[in-house]
Amino acid sequence: MTEIIFEKSRTGTRGVKLPDAGIECNLDKYLPENLLREERLDLPELTELDVMRHFINLSRKNFSVDTVFYPLGSCTMKYNPKINEYAASLDGFLNIHPLQDTSTAQGALQLMYELQEYLKVITGLDAVSLQPAAGAQGELSGMLIVKSYFKKKGEKRTKVIIPDSAHGTNPASAKMCGFDIVEIKSNSKGLVDIEELKKVLDSNVAALMMTNPNTLGLFEENIQEISKLMHDAGALLYYDGANLNAIMGITNPGLMGFDVVHVNLHKTFSTPHGGGGPGAGPIAVVEKLADFLPVPLVVKEDNNYFFEYELKNTIGKVKAFYGNFGVLVRAYTYILMMGKEGLKRASEDAVLNANYLKEKLKDYYDLPYDRLCMHEFVLSADRQKHEGVNAIGIAKRLMDFDIHPPTVYFPLIVHEAMMIEPTETESKDTLDNFIAVMRKINTEIQNDPALVQESPLKSPVSRVDETLAARQPNLKWTN
Ligand SMILES: *Cc1c(COP(=O)(O)O)cnc(C)c1O
């Protein structure tokens, strides 16, 4: 039986006991009465050691990049080098205050300025804002820029085109900016269907939102034609750059003709994520959109760095202060550590690892799009489903072998999808173990499907009703 921390509470227990301060501390004297609490705050009372054990034991039930292989597609769960943590915890970065005079925080501003510059090179675009706190917020900022741009031009464009393989945040972000979403079907190769695109492209279209490589892990080989079509129609091209892990140093969104890009530092650039944050989703744009960026940008003049708020058409602020600074430090450290060649090598290895897994698994699981993949690929558990076990079953069984499940049931256009992204940081031994386990699970499904259906067998909780679990979470369990 694992208790929640409130149940472990014993009245009167203290973590630390401070000596009497020797001054009168009577809050009623300083705070207005209507702000005073009527009842005692219900906080758990435990010793420091109890608290430590409670949380350490909970953390041991977790799956994390530091503990197991984590091939969660579209999430780029690569190793987060510990030197990133060292850099982020340096006194000068950790203990600065956002309201401190910028003359006393020049090092922090220099880091942000240089990160902006690196991201310009990596995306191939002209200007960068580090403000957005996540990929989805980068998308929202990017689409607000698209909207403001056309408004300024006096054009009323109401539609945004999005391929059916897109990440769910894409239509959500465009819709939040008031655009109507036009979905286009992928062709039999898993790519944007140019003929479909032509059919829906008119003078009401503001932008096309794309991911390249797309969420099937496939490179959109017609990207230049697509880009020409969009620009000839006066529309903009948005690149969902949550995952740059296949292309860093090899190609870039600028070369492909994109106008707006968001980048997830918490995926490609090795800053920790999962469980909801923190992240950073900087956006990069072409020159003509530069003064629409969210403020502030960091600028440099005569070797001094300062914040620039006065952009002519800025969409304003999207995040308090200057973005998620600690995440920026980690990404900056990673980029410096890897260097230009290192980033390119990371992409090459990520693509190699994904193709290795794909080739070793495609005789055991259906591979709907059997082509060279980029940093990830999508298998289907359709065959196994006919034998009684669906993608969820396989995902759960993997946990019994100390492997985090892949992304399942996404992208939506593949039945029983299992989206696998090994990243470049995994060794051949780890990949070979994954291959062996996936093959073994396939054999188990043929011999004893019930075993796989009942998995996971090793976890503290087995299958939960996921809808109920989300709506009425029960944070307590019994073994
Ligand atoms: C992760 C991801 C996003 C969203 O990023 P968040 O930081 O989770 O908001 C958007 N698009 C793609 C393709 C992604 O993989």
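**Salt bridges, buried side chains and a surface patch**

Lysine 362 and glutamate 359 pair up in a salt bridge, with their closest N and O atoms 3.1 Å apart. Both partners are partly exposed: lysine 362 has a relative accessible area of 24%, and glutamate 359 has one of 39%. The pair also belongs to a wider group, since salt bridges that share partners join Lys358, Glu359, Lys362 and Asp370 into one network. The model described here is a predicted one.

In total, the structure holds 26 salt bridges. Another of these links the side chains of glutamate 85 and arginine 330, at a distance of 2.9 Å from N to O. Glutamate 85 sits in helix α3, which covers residues 82-88, while arginine 330 sits in helix α12, so this bridge ties together parts that are 245 residues apart in sequence. The two ends differ in how much of each can be reached from outside. Glutamate 85 is partly exposed, at 27% relative accessibility, whereas arginine 330 is buried because its value of 18% falls under the 20% limit.

A further salt bridge connects arginine 157 with glutamate 155, and here the closest N and O atoms are 2.6 Å apart. Once again a buried arginine meets a partly exposed glutamate: arginine 157 has a relative accessibility of 12%, and glutamate 155 has one of 28%.

Helix α12 is worth a second look, this time at threonine 333, which is also placed in this helix. Threonine 333 counts as buried, with 12% relative accessibility. Its side chain reaches the backbone oxygen of valine 329 at 2.7 Å. Beyond its neighbours within four places in sequence, threonine 333 touches Ile83, Asn84 and Ala87.

Serine 173 offers another example of a buried polar residue. Serine 173 is found in helix α7, made up of residues 169-176, and has a relative accessible area of 5%, which makes this residue buried. A polar contact of 2.8 Å runs from the side chain of serine 173 to the side chain of glutamate 139. Glutamate 139 also appears among the contacts of serine 173 outside the four places on either side in sequence, together with Ala136, Leu140 and Met143.

Not every residue of interest lies in a helix. Histidine 375 belongs to the loop between α12 (325-361) and β10 (377-380). Despite this loop position, histidine 375 is buried, with a relative accessible area of 1%. Its surroundings come from several parts of the chain. With neighbours within four places in sequence set aside, histidine 375 is in contact with Pro213, with Asn243, Asn245 and Ala246, with Ala350, Val351 and Ala354, and with Ile420, Glu421 and Pro422. The side chain of histidine 375 also makes a polar contact with the side chain of glutamate 376, at 3.4 Å. Distance along the chain and distance in space can be set side by side for histidine 375 and isoleucine 247: the two are 128 residues apart in sequence, and their C-alpha atoms are 8.8 Å apart.

Glutamate 48 and leucine 367 provide a second pair of this kind. These residues are 319 residues apart along the chain, and 52 Å separate their C-alpha atoms. Glutamate 48 lies in helix α2 and counts as exposed, because its relative accessibility of 54% is over the 50% limit.

On a broader scale, the domain assignment divides the protein chain into domain 1 (1-61), domain 2 (82-338) and domain 3 (348-470). The centres of domain 1 and domain 3, taken over C-alpha atoms, are 43 Å apart.

The surface also carries a nonpolar patch, formed by Leu27, Tyr30, Leu31 and Leu35. Together these residues have about 440 Å² of accessible area. One of them, leucine 31, is placed in the loop between α1 (5-8) and α2 (48-60). Leucine 31 counts as partly exposed, with 35% relative accessibility.

Terms used:
Residues numbered from 1 in each chain as written. Predicted model: local features only at pLDDT ≥ 70, side-chain atom pairs only at ≥ 80, totals over all residues. Heavy atoms only, no water. Patch = residues over 30% accessible without salt bridge, like charges linked within 9 Å, V, L, I, M, F, W, Y side chains within 5 Å. Areas by Shrake-Rupley, 256 points an atom, 1.4 Å probe, with all protein chains shown as cover. Salt bridge = Lys/Arg side-chain N within 4 Å of Asp/Glu carboxyl O. Helix = DSSP H or I, 4+ residues; strand = E, 2+ residues; numbered from the N terminus. Buried < 20%, exposed > 50% of the residue type's maximum accessible area, 1.4 Å probe, protein only. Contact = heavy atoms within 4.5 Å. Polar contact = N/O pair within 3.5 Å; in protein donor to acceptor, adjacent residues only side chain to side chain. Domains from an automatic or database assignment.
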